Amino acid sequence: MNASPLPRLAILNLLVAAVGAGLGQGCLLVGPHGGILPALWLPSGLGLAVLALGGPRLLPGVWLAQAAALLPLAGPVAAAVLGIGEAAAAWLGAVLLRRLLPQGVTQDMSAPARFLAVAYGCAAPAGLVGPMVLRFFGAVPPGGIDAAIVAWWLGGALGIAVLAPVILAAHEAVSARPRAALGSAALIGIAVATAAGGILTFSGHALLANPYLQSALLLPPLLLLAMRCHPAVAAVLNLILVAALAYGAGGAFGPLLGATPLERDLALHGFALMSSAGVLFLAAHAQGVRRMAAAAKTGEERFRRLIALTSDWYWEQDDTLRFTRLEGAAFGDTPELQSRFIGKRREELPGFEPYNMSWEAHQADLDARRVFQGLVLRYTRPEGRTSYYSVSGEPTYDAAGRFSGYRGVGRDVTPEIESREALIASERQFHDVADATFEGLFVHDYGRIVFVNRACAEMAGRSIEDMIGRPLLDFVPPEEHARLIQSLANNDALTNYETVGLAADGHRFPVEAFGRPFVFQGKPMRVAALRDISDRLRTEAALRAQIEFQRTLLDTLPNPVFYKDREGRYLGYNRAFADLLGIGPDEYIGKTVADLVAGERGHQLAAGDAALFANPCTQSYEETVETRRGRRDVMVYKDVFRDDKGEVAGLVGIFVDITERKKSEQRMRRFQELSPAAIGIVSTAGEVIYMNPAAFELFGYRIEEVPNMEVWWQVAYPDPVYRADRYAAWIAAVEATLREGRYMFRFEGRVHCMDGRDRWIETMVSLGEDEIFMIFTDLTDYIVPPIAA
């Protein structure tokens with residue numbers, strides 16, 4: 001669960017503590033025996049339930065509830081220790097409950113047994129520890145430890161068995177969507193159970209002489225409600241009845257009597273165990289029945305939806321083949337008009353006649369009790385309009401195996417039939433159009449050519465008459481026969497089917513074929529288009545050679561190179577990339593950097609790719625990667641590449657290993673830090689980049705105080721006249737050095753330091769491409785006369 005804010009968590013724990021303490025005080029009022037736990041200890045059930053629902057964050061509240069509830073049995077220290085033991089037992093039970101019963105105490109028929117095993121199992125450690133602690137603190141006499149252990153164990157287990165299901169089932173009811181409602185029957189049952197518990201507790205002896213019969217009479221209505229209502233209702237009723245009987249047993253009155261408190265506790269425990277187990281088992285059974293009913297309803301609804309998706313209507317016939325049921329838009333009519341079909345056989349329907357077979361052939365299928373599919377009926381309506389319907393059905397049998405009729409589906413195929421007839425009527429036009437195309441076209445009756453156009457005949461170097469009526473195998477070389485026969489046998493639709501054609505003069509040429517079923521001359525055949533792909537294959541071969549060249553070129557590069565698609569998935573990388581990271585040639589293919597780099601860094605790198613796609617440019621950054629040679633520092637350079645439409649199609653990147661350069665920079669920086677000479681580095685833009693400790697010791701200025709040369713000239717040369725003189729000398733020295741092709745010069749001057757003194761400083765200046773390096777030497781002590789402080 002998500003962590004709650006601290007105030008809310010504190011309130012929850014205090015609420016659990018208050019409820020648990022109140023339940024404990026109520027249980028103690030029922031009648032503690034000899035200073036030990038009473039026969040019904042409800043805080044145990046509360047602790048297990050809230051920990052199962054809320055997790056370990058509620059452990060403080062559970063401990064405080066148990067400690068406060070057990071305070072009357074011993075002093076504060078003993079109560080605190082007892083609370084720890086009870087909280088630990090509750091946490092153990094919660095862990096077992098979530099592991100063994102992830103879907104609730106009524107998830108299946110074995111769930112109640114597992115729940116009761118958890119209740120008695122987790123109550124056992126608390127039952128063993130509690131009396132021992134009380135014995136240590138003198139609250140239990142030595143001779144009563146055994147009875148105390150049994151009573152403590154049974155009281156805790158009973159509290160779990162009767163209260164935990166109430167809380168868990170109530171939480172399930174509240175969390176359900178839609179939320180479960182109690183209903184009037186549940187409310188009446190709760191009221192009746194409360195009244196029955198009070199009557200049997202206080203005046204049951206006046207109704208029935210046998211006290212156990214008095215309590216047994218409570219079970220039938222309780223179990224009936226478990227079958228009829230939500231499990232939470234039965235669990236509440238069970239809690240009320242057990243609490244009432246516990247009150248009577250604790251006060252030595254009511255139906256559950258015994259010679260000693262332990263005997264009364266055992267009698268109470270026996271009744272409560274029977275009622276709890278019965279309630280849970282019957283509630284689990286009822287839940288299972290409800291789930292099966294819901295599944296059956298869902299299945300029926302799914303069936304209806306499937307029928308609606310795959311057909312227009314559903315029909316049923318009896319054993320005399322008369323319609324008994326029609327659902328949907330049967331034959332395109334409204335339900336009112338469909339009523340005239342009920343009670344009639346299919347051949348008796350007015351205006352209907354078979355389209356693709358005779359009534360006799362269809363009747364033969366029915367007499368043989370065969371499944372039939374695709375029976376097309378022509379329906380001529382009274383107004384003269386004609387429609388076509390395809391009907392399919394299967395025989396049905398009753399439980400004794402006797403034929404009981406047919407059932408099936410139907411759909412309107414009028415557009416299909418009309419299209420088919422239109423195709424038949426336009427076959428001549430098809431011939432004309434086919435001869436006008438540039439691609440080869442032919443129609444074959446599953447292997448035997450019945451039509452071929454002029455382009456196809458020219459491709460084969462034959463006449464149209466020479467090809468009509470001959471098998472396809474005559475026009476392909478022998479090594480292609482088996483594959484072609486297999487394709488024809490499978491009735492596959494041909495898409496980009498490549499094979500070899502055999503011309504009349506014996507030469508072979510590659511072709512690409514496309515084929516599909518086709519109605520020609522009123523018969524189902526196949527039409528195919530042929531395309532000579534000799535030029536395309538030559539182009540593809542050249543392209544493959546170019547791709548292989550590019551792959552070889554990439555693998556020849558010493559720098560690691562990679563490239564990704566528009567979604568950031570790796571498309572490929574060169575050998576240097578794979579060697580650097582110690583991966584296989586295909587290990588990263590299809591994966592993103594977020595898949596390969598864990599944590600926040602992976603998301604940052606993926607965001608960098610997305611930013612590059614959004615704003616195409618050259619992107620560069622430093623990155624540390626783990627390689628088979630250890631950690632390496634690299635500069636990553638990335639840019640996008642585009643498709644033939646100019647759209648961003650992906651990115652390409654390259655690694656430049658800068659590990660050694662960074663090590664050299666680090667060595668140089670350490671040398672500068674340790675150097676006794678004062679050193680400063682300034683960018684050519686005038687920004688102060690670096691001052692070593694010796695420079696700070698000499699001048700007293702930190703880099704934050706002189707961030708650029710403009711500030712340096714102000715603080716180091718406070719006298720405006722002298723500053724102008726030195727600045728002009730600096731500019732002249734720089735220009736002269738550059739003009740003469742040199743890069744070093746000396747510069748002297750009086751510098752004002754942080755301590756208020758002026759020092760005569762000689763500066764050795766080295767001009768770089770991007771930076772200016774300076775070494776400062778203090779000549780104050782060598783200048784005669786010395787500079788005044």
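The following paragraphs go through the chain's overall make-up, one helix pair, and its aromatic and charged side chains.

The model is predicted, so local features need pLDDT of at least 70 and side-chain atom pairs count only at pLDDT 80 or more, while totals for chains, interfaces and linings use all residues. Residues are numbered from 1 along each chain as its sequence is written, and side-chain values use heavy atoms, with hydrogens and water left out.

The chain has 26 helices and 21 strands; these are DSSP runs numbered from the N terminus, with helices being H or I of at least four residues and strands E of at least two. Of its 789 residues, 42% count as buried, meaning under 20% relative accessible area with a 1.4 Å probe and protein chains only. Among contacts with a separation of 6 or more, 49% come from residues 24 or more positions apart; a contact means heavy atoms within 4.5 Å.

One helix pair is α3 (residues 59-70) with α4 (residues 76-100), which pack at an angle of about 135 degrees with their axes 8 Å apart. Axes are lines fitted to C-alpha atoms, for helices over the stretch in contact, and angles run from 0 to 180 degrees between N-to-C directions. The two helices are therefore oblique to each other, a class left over once angles under 35 degrees (roughly parallel), over 145 (roughly antiparallel) and 65 to 115 (roughly perpendicular) are set aside. On the α3 side the contact includes Leu59, Val62 and Trp63, and on the α4 side it includes Ala87, Ala90 and Trp91.

The whole structure holds 29 aromatic pairs. Rings of Phe, Tyr and Trp (its six-membered ring) pair if their centres lie within 6.5 Å; planes under 30 degrees apart count as stacked, over 60 as edge-to-face and the rest as tilted. Trp315 and Phe323 have ring centres 6.1 Å apart and planes at 75 degrees, so this pair is edge-to-face. Both Trp315 and Phe323 are buried. For Trp730 and Phe747 the centres are 5.4 Å apart and the planes at 90 degrees, so that pair is also edge-to-face. Trp730 lies in helix α26 (residues 720-739) and Phe747 in strand β19 (residues 744-752), so the pair ties together parts 17 residues apart in sequence. Trp730 and Phe747 are buried, and they belong to one aromatic cluster with Trp713, Tyr717, Tyr722, Tyr727 and Phe745.

Tyr722 of that cluster also has the charged end of Arg750 over its ring, 4.1 Å from the centre. Such a charge is NZ of Lys or CZ of Arg within 6 Å of the ring centre and within 35 degrees of the ring normal. Elsewhere, the charged end of Lys564 sits over the ring of Tyr570, 4.8 Å from its centre.

Technical notes
Buried means under 20% relative accessible area, exposed over 50%, partly exposed in between (1.4 Å probe, protein chains only).
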